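Work through the exercises below with the sequence and the coordinates open. Each task is followed by a solution in steps.

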Amino acid sequence: MMHEHGKSDSRVVPTKPPNNGDGDPLWGLDRSKPAEAVEGRRLAKSNPQQQTMLRTQRRVRMPHELERIRQAASRDRKMRFTALFHHVYRVDTLRRAYFSLNPKAAPGVDGVTWQQYGEELEANLQDLAGRLKRRAYRAKPTRRSYIAKADGRQRPLGVTALEDKIVQAALVEVLNAVYEVDFLGFSYGSRPGRSPHDALDALSVAIERSKVNWVLSVDICGYFDAMVHEWLVTFIEHRIADRRIVRLIRKWLKAGVLEDGKHIEMETGSPQGASFSPLAANIYLHYVFDLWAHQWRQRYSQGDVRLIRFVDDIVVGFEKREEAEQFHAALEQRLAMFGLDLNPEKTRLIEFGRFAQERRRKRGLGKPESFPFLGFTHICGRTLRGRFQVQRQTFAPRFRAKLAEIKGELRRRMHLPVPAQGAWLRSVLLGHYHYYGVPLNGDALQRFRKAVTRMWQRSLSRRSHKGYVKWDRMNRYVDKWLPVARIYHPYPDKRFGGMTRGRSPVR
């Protein structure tokens, strides 16, 4: 859209017709109601109205040249950008991308670490920019590895080559200037200035303050491995007409993966761990789910419907059960059109909300069921004064998986000095508290600290045959190194209300 010298580029390609139409396999919407007109510009129910620049809830700053792109995208929601690539290969953009990466991340197939690349950073970035400019850049395959999931299964991860990470991060920064204008208010995952706790707060406030009686917890089978490449490129082309950008994305998608020394070409999926994957995942579900769900809510629902999405973790609240069942069936068909499937074991419709406990008691049923979302089990509870309250506790499989991870790492660090072990455990506990330290979850935090203490004591006692550590000595280690459990986050209504006060009152 803009050239480096700052003048506007007049080569703006007209967009396709409005993204709707009965019988349209892509949108499934009514042509008489253009989807672009409701693409998040109207306040999504019980969601905060976001500013249309990259300064969302945390006011993330954006470079001046990208701010011009954002303004152009905001003025014309149908504009297709034809000249963005020169922003990607700018050395300052690549430099910001390099410093945004995790220095401790494992190297990809090239074997180059963050530190090694940084020894001659400016020369390397100049060379990379030159290769991008003259189209000599080649994407490398992703090295596949696996980590254990909370349910015992293996999650495939993609370890990307360092230069691919840099270029992907640079492209994400540029594309965010366009897509942050388009994404809807109930989309929270992997977006600048938004965090998992923003989604958690929005969900709690929506359930507590609206007429939610039923909750549909949605799980998509292997989402990151199931995205169809051609659909992803089609979605991107709705906004991006710069063929160099599209060609670059195709290179990454076609690079494939390297597993056990064998190169495997892929027609679906974007590796988890790649810098571009979170944005790709959001773009895919923006068109597959967000626009469709928002239109479905407007066209078919008579009662309240609340939508919360964090990448592929989706929760939908309904006032009426029949509408929840209709939405569930329609969603299953919608996802199947784009190569996605619901996980029948984890996708559940449950009775939940302010009146769930009373209604179930009248029918002779037990307590309302709970549901997991972003590492927390959500439970119907009451305050001391008897008011309904969504209570959140650490999801038990996550709790056990984290302890198992710590146990294995303690075994590996068994013979390190006590101060080294203590400093590491301190960082682990603080990270756990900062995420799981929400109101009413204090008991789980204390149990976690006690479990870590017991594991550490056993680990220290096994260092030699006569090395049993008595508890008076162990307690001194604990007092010195293991921080006390504490709550770091406010109640959802306080943070969510303060974040949206004067702009987006929750009804």
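Contact here means heavy atoms within 4.5 Å. The model is a predicted one.

**Exercise 1. Describe the overall make-up of the protein.**

Solution.
Step 1. Count the secondary structure: the protein has 18 helices and 11 strands.
Step 2. Take the burial: of the 507 residues, 53% are buried.
Step 3. Take the surface: the accessible area is about 23,700 Å², and carbon and sulfur atoms account for 50% of it.
Step 4. Consider contacts with a separation of 6 or more: 72% of them join residues 24 or more positions apart.

**Exercise 2. Determine which side of helix 5 is buried and what covers it.**

Solution.
Step 1. Check the geometry: helix 5 spans residues 121-133, 13 residues in total, and its end-to-end C-alpha distance of 18 Å is close to the 18 Å expected at 1.5 Å a residue.
Step 2. List the buried positions of helix 5: Leu121, Leu125, Leu128, Ala129, Arg131 and Leu132.
Step 3. Place them around the axis: they lie on the same side of helix 5 because they cover an arc of only 165°.
Step 4. Identify the cover: the elements over these buried residues include helix 2 (85-88), helix 3 (91-100), helix 4 (114-118), helix 6 (162-182) and helix 10 (243-254).
Step 5. Look past the end: just after helix 5, arginine 135 has a positive phi of about 65°.

**Exercise 3. Classify cysteine 221 and cysteine 380 by accessibility, and count the disulfides.**

Solution.
Step 1. Cysteine 221 has 32% relative accessibility, so it counts as partly exposed.
Step 2. Cysteine 380 has 13% and therefore counts as buried, the cut-off being under 20%.
Step 3. The number of disulfides in the structure is zero.

**Exercise 4. Locate serine 270 and explain its burial class.**

Solution.
Step 1. Serine 270 sits in the loop that runs between strand 5 (262-264) and helix 11 (277-300).
Step 2. Serine 270 counts as buried because its relative accessibility is 4%.
Step 3. Apart from neighbours within four places in sequence, serine 270 contacts Phe224, Met227 and Ser277.

**Exercise 5. Find the best-connected members of the largest nonpolar core, then follow phenylalanine 373.**

Solution.
Step 1. The largest nonpolar core has 133 residues, and those touching the most other members are Phe276, Phe289, Phe327, Phe373 and Trp456.
Step 2. With residues up to four places away in sequence not counted, phenylalanine 373 touches Ala199, Leu200, Leu203, Ile308, Phe310, Asp313, Ile314, Val315 and His378.

How values were computed. Residues are numbered from 1 along each chain as its sequence is written. This is a predicted model: local features need pLDDT of at least 70, side-chain atom pairs count only at pLDDT 80 or more; totals for chains, interfaces and linings use all residues. Side-chain values use heavy atoms; hydrogens and water are left out. Helices (H or I, at least four residues) and strands (E, at least two) are DSSP runs, numbered from the N terminus. The expected span of a helix is 1.5 Å times one less than its number of residues. Buried means under 20% relative accessible area, exposed over 50%, partly exposed in between (1.4 Å probe, protein chains only). The arc is that of the directions from the helix axis to the C-beta atoms. A disulfide is a pair of cysteine sulfur atoms within 2.5 Å. A nonpolar core is a set of buried Ala, Val, Leu, Ile, Met, Phe, Trp, Tyr and Cys residues joined through side-chain atoms within 4.5 Å. Accessible areas come from the Shrake-Rupley method with a 1.4 Å probe; for residues, only the protein chains shown count as cover.
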